[in-house]
Structures are given as structure tokens and as C-alpha cells.
Amino acid sequence: MTDSYRHKGLRKQLAEEIARKGIKDTRVIEAIAKVPRHFFLDTAFAEHAYENKAFPIGSGQTISHPYTVAFQSELLEIEKGHKVLEIGTGSGYQTTILCELGAKVFSIERQKELFDRTKLILKKMNYTAKLYYGDGYKGIPTWAPYDSIIVTCGAPFIPEDLLEQLKVGGKLVIPIGDGKQIMTLITKESKIEFTKKTFGDFMFVPMLEKKARD
Ligand code: SAH
């Protein structure tokens with residue numbers, strides 16, 4: 001795969017579109033302008049990689065809209081060296097945006113095919129995020145606590161294990177609901193206290209409770 005001047009130009013336009021839509025964090029906008037989104041898509045869709053759209057990535061899943069990726073990334077207020085857990089690696093696009101923001105990223109995917117494919121793609125692109133094949137409802141206790149946790153599939157409820165694995169002061173951004181989801185930001189104020197803010201409707205593929213296949 002090559003990253004041509006044309007791709008770079010289209011990406012710059014996409015980053016500008018995202019800024020116009022209300023994303024203010026310049027680091028997030030720069031990350032969108034930097035990561036070649038067409039590397040994550042099948043050749044059939046690569047032509048359209050810089051449109052603000054979701055696309056199929058196989059196994060019945062989709063790569064998130066760039067605006068949604070930017071929106072969730074902005075809510076996390078990532079600082080260099082933050083430990084971030086992502087639930088739903090999917091194409092790996094969101095993972096690389098988190099890496100570009102300076103986070104140490106741990107990401108879980110429940111579909112083996114996607115996990116295998118994305119592992120190769122990220123390696124080729126020289127990203128060092130740690131990818132896991134497993135169930136996002138359980139998080140990854142081994143590397144906890146996290147500065148923030150991002151869920152990139154529609155969750156029917158807030159998984160208790162994820163709240164547990166958050167640092168005090170840490171943030172969980174999670175779209176909650178069936179069909180369409182309400183973007184929700186949870187801040188862990190103390191070991192037992194949490195505050196919640198909501199940010200309107202989004203559309204995600206569902207967070208599934210059982211592995212489709214092993
Ligand atoms: N962040 C991804 C979004 C992919 S869509 C990207 O940028 O491309 C959401 C992903 O969540 C899908 O790949 C889906 O397989 C995965 N997923 C769904 N339920 C999950 C679960 N319980 N644990 C981990 N991943 C899950």
C-alpha cells in the first residue's frame with residue numbers, strides 16, 4: 001500500500017471537515033490528518049477512505065466514522081504516556097489514533113479473523129499497541145488500572161469490570177443502548193463514586209456477549 005500526495009490531500013480535507021463539525025483538540029485533528037485510513041480498508045472501499053463514513057471491515061463489523069473516532073478520542077483527554085484500554089479493535093484505525101496521541105494502547109477484539117488481520121496491519125505500520133483476542137466485557141485486568149477506557153461498540157450496559165479497571169480520576173467513554181447509542185462519559189471520582197455526562201446519539205455495531213467463534 002502506498003500513501004500518495006492525493007491520499008494526504010484528501011486526509012487533510014477530512015481533518016478540516018472534522019474540525020468544522022466541532023472537534024477542537026488540535027492533537028486529535030493532527031492525528032486524523034496523519035493516519036492513512038485507506039490502509040485499514042479493503043481495496044474496494046479504499047477509494048472512499050477519506051469520506052466521513054463507516055465501511056464494512058469483514059466479520060459483519062465496520063470501521064467507525066472518522067468524526068466518531070475523533071469525538072471519542074477528544075473526550076478521553078489523553079496525555080503522553082497514558083495507559084488506554086480499547087474495547088473493539090476492529091480495523092485498528094481508532095487504535096492508531098490513540099497511539100498518535102501518545103497513549104500506550106491495549107486493545108481487545110472478540111473476532112479472531114479481525115484480530116489476526118489487524119495485528120498484521122498494525123505491525124506493518126510500526127505501531128506497538130498490544131492487541132488481545134478476548135471478551136471486552138472483562139477488560140484486561142493484567143494491565144489495570146487504566147487512565148482511560150474507550151468502548152467502540154454499542155454496549156447494553158456499563159460493564160462492572162471496566163469501572164473496576166479504571167484509575168481514580170480516569171475516564172470511560174462508552175456508547176450505551178440498543179440500535180442507536182448515547183455517548184456516555186463516566187469519570188471515576190473515587191473508588192466508589194462515578195459521575196456521568198452524555199453527548200447525544202451515535203450508531204455503533206453491538207457489543208456482543210458471546211464470541212461468535214473461536
Ligand atoms: N475501533 C474500531 C471499531 C470497530 S467496530 C475501528 O476503528 O475500526 C466494533 C468492534 O467491536 C468490532 O470489531 C467487534 O467485533 C468488536 N466487539 C464487539 N463486541 C465485543 C466484545 N464483547 N469484546 C471485544 N470486542 C467486541
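Visitor: Which element gives the largest share of the shell around the ligand?
Guide: In this predicted model, 27 residues surround the ligand, with Ser91, Glu109, Arg110, Gly136 and Leu208 as the closest. The elements that contribute two or more residues to this shell are strand S2 (61–63), strand S3 (83–87), helix H5 (93–100) and strand S4 (104–109). The largest share amounts to three residues, and the element that gives it is S2.

Visitor: How many nonpolar, polar and charged residues does the shell around the ligand have?
Guide: The residues in question are the 27 that surround the ligand. Sorted by class, the shell holds 11 nonpolar, 12 polar and four charged residues.

Visitor: How far is an oxygen atom of the ligand from an N or O atom in the side chain of Glu109?
Guide: Polar backbone atoms also approach the ligand, one of Gly88 lying 3.0 Å from a ligand nitrogen atom and one of Gln94 lying 3.2 Å from a ligand oxygen atom. For the side chain of Glu109, the distance from an N or O atom to an oxygen atom of the ligand is 2.6 Å.

Visitor: What percentage of the ligand's accessible area does the protein cover?
Guide: The ligand sits in the largest pocket. On its own the ligand has 580 Å² of accessible area, and the part of this covered by the protein is 100%.

Visitor: Which kind of pair do the rings of Phe71 and Phe199 form?
Guide: Nine aromatic pairs are found in the whole structure. Phe71 in helix H4 and Phe199 in strand S9 are 128 residues apart, so that this pair links distant parts of the chain. Their ring centres are 6.0 Å apart and their planes stand at 75 degrees, and because an angle over 60 degrees counts this way, the pair is edge-to-face.

Terms used: Residues are numbered from 1 along each chain as its sequence is written. This is a predicted model: local features need pLDDT of at least 70, side-chain atom pairs count only at pLDDT 80 or more; totals for chains, interfaces and linings use all residues. Side-chain values use heavy atoms; hydrogens and water are left out. A residue is near a molecule or strand if one of its heavy atoms lies within 4 Å of it. A polar contact is a pair of N or O atoms within 3.5 Å; within protein, one must be able to donate a hydrogen and the other to accept it, and residues adjacent in sequence count only if both atoms are side-chain atoms. Accessible areas come from the Shrake-Rupley method with a 1.4 Å probe; for residues, only the protein chains shown count as cover. On a 1 Å grid over the protein atoms alone, a cavity is a set of points where a 1.4 Å probe fits but cannot get out, and a pocket is an open set with protein on both sides within 12 Å along at least five of seven lines; lining residues have an atom within 4 Å of a point. A molecule sits in a cavity or pocket if more than half of its atoms lie within 2 Å of its grid points. Helices (H or I, at least four residues) and strands (E, at least two) are DSSP runs, numbered from the N terminus. Ala, Val, Leu, Ile, Met, Phe, Trp, Tyr, Cys and Pro count as nonpolar, Asp, Glu, Lys and Arg as charged, and the others, Gly among them, as polar. Rings of Phe, Tyr and Trp (its six-membered ring) pair if their centres lie within 6.5 Å; planes under 30 degrees apart count as stacked, over 60 as edge-to-face and the rest as tilted.
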